[in-house]
Amino acid sequence: MNHLRLEIICWSCLLIAMAVSTEAASVWKLPTAQMVYEDLEKCRQESQEEDAATLRCLVKKLGLWTDESGYNARRIAKIFAGHNQMEELMLVVEHCNRMEQDTSHLDDWAFLAYRCATSGQFGHWVKDFMSPKEVER
């Protein structure tokens, strides 16, 4: 019986250690406009200026997209938390993500979901965030 308890404790410690290391590895930081511009340049070169591929590359580099689940609405909402509409923004991003989901055409999914989500007020926030006054070029 003691052997079984020891084994359970060892497995529990291992799982806790794995969870902590996974969480530490996935620490995400809010991107700045400067970071976006730098990653955008890299993505333009990698995707040979193709818009949908450039966008998907960029949002992946910023930690806002995975090919499995699309846009991370919570992270996007954190970027624009100053507008005090995080829940609404998350609903818009999640809706557009689901509506445009196409795992066989990932670049198109990223592009169409972005276009959907930015067709309203959120689009103005993105433009303001990326305005040249915030970026030192």
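A disulfide is a pair of cysteine sulfur atoms within 2.5 Å, and by this rule the count comes to 2 disulfides here. Welcome to this structure, which is a predicted model. Its protein chain holds 7 helices and 2 strands, and 35% of its 137 residues count as buried. The points below go through the layout, the disulfides, the salt bridges and a charged patch on the surface.

**Overall layout**

- Following the sequence from start to end, you meet the elements of the protein chain in the pattern α-α-α-β-β-α-α-α-α.
- Four of the helices come up again below: α2 covers residues 33–46 and α3 covers residues 51–61, while α5 runs over residues 86–100 and α6 over residues 106–117.

**The disulfide between Cys43 and Cys57**

- Cys43 is joined to Cys57 by a disulfide, with 2.1 Å from S to S.
- Cys43 belongs to helix α2 and Cys57 to helix α3, so this pair ties together parts that are 14 residues apart in sequence.
- The link of Cys43 and Cys57 is left-handed, with -75 degrees about the S-S bond.
- Are these two cysteines buried or exposed? Both Cys43 and Cys57 are buried.

**The disulfide between Cys96 and Cys116**

- Cys96 and Cys116 are also joined by a disulfide, and here the S to S distance is 2.0 Å.
- Because Cys96 sits in helix α5 and Cys116 in helix α6, the pair ties together parts that are 20 residues apart in sequence.
- About the S-S bond the angle is -65 degrees, and the link of Cys96 and Cys116 is left-handed.
- Cys96 has a relative accessibility of 2% and counts as buried; Cys116, at 19%, counts as buried too.
- The cut-off for buried is under 20% relative accessible area, so Cys116 with its 19% falls on the buried side.
- With bonded cysteines counted along the chain, the disulfides of the protein chain follow the pattern 1-2, 3-4.

**Salt bridges**

- How many salt bridges are there? The count comes to 6 salt bridges, and the next points introduce some of them.
- Lys42 and Asp39 meet through their side chains in a salt bridge, at 3.9 Å from N to O.
- Lys42 and Asp39 are 3 residues apart in helix α2, so about one helical turn separates them.
- The two partners differ in how much of them is covered: Asp39 is buried, with a relative accessible area of 13%, whereas Lys42 is partly exposed at 44%.
- Another salt bridge brings together the side chains of Lys61 and Glu46, at 3.5 Å from N to O.
- Since Lys61 is in helix α3 and Glu46 in helix α2, this pair ties together parts that are 15 residues apart in sequence.
- Lys61 is partly exposed, with a relative accessible area of 39%, while Glu46 is exposed at 53%.
- Helices α2 and α3 are thus tied both by the disulfide of Cys43 and Cys57 and by the salt bridge of Lys61 and Glu46.

**A network of salt bridges**

- Which residues are linked in a network of salt bridges? They are Arg56, Lys60, Asp67 and Asp107.
- Within this group, the side chains of Asp67 and Lys60 meet in a salt bridge at 3.3 Å, N to O.
- Lys60 counts as partly exposed, at 39% relative accessibility.

**A negative patch on the surface**

- Glu49, Glu50, Asp51 and Asp108 gather on the surface in a patch of negative charge.
- Where is Glu49 placed? Glu49 is found in the loop between helices α2 and α3.
- Glu49 is exposed, with a relative accessible area of 53%.
- A residue in such a patch needs over 30% relative accessible area, so Glu49 meets that part of the rule with its 53%.

**A look at Phe111**

- Phe111 has its place in helix α6, the helix that also holds Cys116.
- Phe111 is partly exposed, with a relative accessible area of 29%.
- Phe111 and Glu100 are 11 residues apart along the chain, and their C-alpha atoms are separated by 9.0 Å.

How values were computed:
Residues are numbered from 1 along each chain as its sequence is written. This is a predicted model: local features need pLDDT of at least 70, side-chain atom pairs count only at pLDDT 80 or more; totals for chains, interfaces and linings use all residues. Side-chain values use heavy atoms; hydrogens and water are left out. Patches are made of residues with over 30% relative accessible area and no salt bridge: like charges are joined within 9 Å, nonpolar side chains (Val, Leu, Ile, Met, Phe, Trp, Tyr) within 5 Å. Accessible areas come from the Shrake-Rupley method with a 1.4 Å probe; for residues, only the protein chains shown count as cover. A salt bridge is a side-chain nitrogen of Lys or Arg within 4 Å of a carboxyl oxygen of Asp or Glu. Lys and Arg count as positive and Asp and Glu as negative; His and the chain ends are not counted. The place of a charge is taken as NZ of Lys, CZ of Arg, CG of Asp or CD of Glu. Buried means under 20% relative accessible area, exposed over 50%, partly exposed in between (1.4 Å probe, protein chains only).
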